[in-house]
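User: Got a minute to walk me through this one? I'd like to go through it piece by piece.

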Amino acid sequence: MTDRTEAVVIGGGVTGVGVARDLAMRGVDTTLLERGSGLNAGTSGRSHGVLHSGARYAEADPEGAADCLRENGIIREIAAGCVADSGGLFLRLAGDDPEYFERKLDACRDLGMEPELLATDEVRERVPEVSDRLEAGFAIPDGVVYPSRLVAATAASAREHGATIYTDAGVTDIEVAAGRITIHTDGAEIVADTVVNAAGPWAGEVASLAGARLGMRPTRGVMVAVERSGIGPVLNRCREPADGDIVVPHGEQAVLGTTSVAVDDPDDFEREDWEVERTLAECAEMVPSLADATVQRTYWGLRPLYEPDEVGREGRGISRDFAVVAHDTAPGLVSVVGGKLTTHRRMAEAVADRVCEDLGVDEPCRTAVEPLPGAGGPERLDELAREFGAVGPADSDVVGE
């Protein structure tokens, strides 16, 4: 059987469903393919679930940080039920560079973020268990986002606007010929005018099926969920990015992260005990009681880092910002790589702008103003997450409780 559509999106994570939603809202006949049995099976469902304010990237990537700050506000508006308004803190401990703290604080101010500089006793009021080594802190508008709900609600919106969503639809080959693209899956053949490669860490492999090259350098990172309520805000260690520098409140748990280790094969990579041990030890520097907390679960996620030129760099030095890549060797194939969960909607808008230009579709993006289905109600969102098979390890402790 051969189906015909205008656009195929490969990848059922938050960026893929975001692209499908945006295209469908502009009237483009869109089909999304996900190889897993449910959505949210890859990077999105294995993140630490922070709705970034941009503070984490403010001094190193101000443009990306500005995108985070803007998208943070948009997600809170269109997907309130997917977000916990925890707030966030950056903490400087004894031995951390005070000049880096000042640079971070100034960079946040330059973004218009209005960070709140706090005295140490004010930090302790918000986080009573914070380390005695605390020397300075400031508050920023971080939050916690539940990927299972966000992916499912976005997919539901795409479907409501006419998109078709297939799971268990792994792509086995992509043929580019005569101004059209034929996608072969495990059980069907689809002919499309354009294909969006939103496969995250697997984007390089998908591009290669069409005879194109895409420089990817995925890195793995561990998340450790421990039994610990009452953390309050997202806690960030104010130092150069390193292992174990973030603590994310999750109901009766806290999710600790993370490491950054390059991997060669996103389907087959090591999961090392030292990553768990280091993450626990480093996060306990901020909250000492975490050292003795009971570990509820551990999971590893993969960052879809784009590395077109400098293959030898360490993973932490590669931009987390995103790129939209059109492939000359595979006309009609567009890849979207990099980015962050917080900026997924902006990434999808950029891809949809490109695809619509190629298709001659002149419709504006409306994804920033139209609320997602069930946006204000966790119960409905959890129903959608179960319907789409989208419940992942990032928030399995919260979704469906």
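Analyst: Sure. One term before we start: a residue is called buried if its relative accessible area is under 20%, and exposed if that is over 50%. Also keep in mind that this is a predicted model.

User: Fine. Which residues of α8 are buried, then?

Analyst: In α8 the buried ones are His344, Arg345, Met347, Ala348, Glu349, Ala350, Val351, Ala352, Val355 and Cys356.

User: And what do those buried residues pack against?

Analyst: They pack against the helices α1, α2 and α5 (147-160). The strands β12 (189-197), β19 (322-326) and β20 (333-338) are partners as well.

User: How far does α8 reach from its first C-alpha to its last?

Analyst: 22 Å for its 16 residues, close to the 22 Å expected at 1.5 Å a residue. Just after α8 comes glycine 360, with a positive phi of about 75°.

User: Is glutamate 357 buried or exposed?

Analyst: Exposed, with a relative accessible area of 62%. Glutamate 357 is in helix α8. Its C-alpha is separated by 49 Å from that of glycine 230, and the two residues are 127 apart along the chain.

User: Back to the helix partners. At what angle do α2 and α8 cross?

Analyst: The axes of α2 (residues 62-78) and α8 (residues 344-359) cross at roughly 100° and come within 8 Å. Angles of 65 to 115 degrees count as roughly perpendicular, so α2 and α8 are roughly perpendicular to each other.

User: Which residues meet there?

Analyst: From α2 there are Asp67, Glu71, Ile74 and Ile75, and they meet His344, Arg345 and Arg346 in α8. Two of those, His344 and Arg345, are also on the buried list for α8.

User: OK, what about α1? How many of its residues are buried?

Analyst: Twelve of its twelve, so the helix is mostly covered. Among them are Val14, Thr15, Arg21, Asp22 and Met25.

User: Why does the length of α1 look right?

Analyst: Because at 1.5 Å a residue its twelve residues (14-25) should span 16 Å, and the end C-alpha atoms are 16 Å apart. Just after α1, glycine 27 has a positive phi of about 90°.

User: Which unit does α1 make with β1 and β2?

Analyst: A right-handed β-α-β unit. The strands β1 (residues 2-10) and β2 run parallel and are joined by four bridges. Isoleucine 10 stands opposite leucine 33 in β2.

User: Which way do the side chains of β2 point?

Analyst: Thr30 and Leu32 point one way, Thr31 and Leu33 the other, and all of them are buried. β2 also runs parallel to β9, with three bridges joining the two strands. In that pairing threonine 31 has threonine 164 of β9 as its bridge partner.

User: Changing topic: in what order do β3, β4 and β8 sit in their open sheet?

Analyst: β3-β8-β4, with antiparallel pairing. The edge strands are β3 (50-51) and β4 (83-84), each pairing on one side only. Two bridges join β3 to β8 (residues 143-145), and valine 50 stands opposite valine 144 in β8.

User: Last thing, backbone oddities. What's the usual picture to compare with?

Analyst: Most residues other than glycine have a negative phi, and most peptide bonds are trans.

User: Which peptide bond is cis here?

Analyst: The one from glycine 257 to threonine 258, with omega near -15°. Threonine 258 is in the loop between β16 (253-257) and β17 (261-262).

User: And what's the phi of glutamate 114?

Analyst: Near 60°, a positive value in a residue that isn't glycine. You'll find glutamate 114 in the loop between α3 (98-110) and β6 (116-118). Glutamate 114 is exposed, at a relative accessible area of 70%.

User: Where does aspartate 168 lie?

Analyst: In the loop between β9 (164-166) and β10 (171-177). Aspartate 168 isn't a glycine either, yet has a positive phi of about 50°.

User: Is aspartate 168 buried or exposed?

Analyst: Exposed, with a relative accessible area of 53%.

Definitions and conventions:
Residues numbered from 1 in each chain as written. Predicted model: local features only at pLDDT ≥ 70, side-chain atom pairs only at ≥ 80, totals over all residues. Heavy atoms only, no water. Expected span 1.5 Å × (residues − 1). Buried < 20%, exposed > 50% of the residue type's maximum accessible area, 1.4 Å probe, protein only. Pairing = 2+ DSSP bridges. Right-handed = clockwise from strand over helix to strand, strands pointing away. Axes fitted to C-alpha atoms, helices over the stretch in contact; angles between N-to-C directions. Parallel < 35°, antiparallel > 145°, perpendicular 65-115°, else oblique. Contact = heavy atoms within 4.5 Å.
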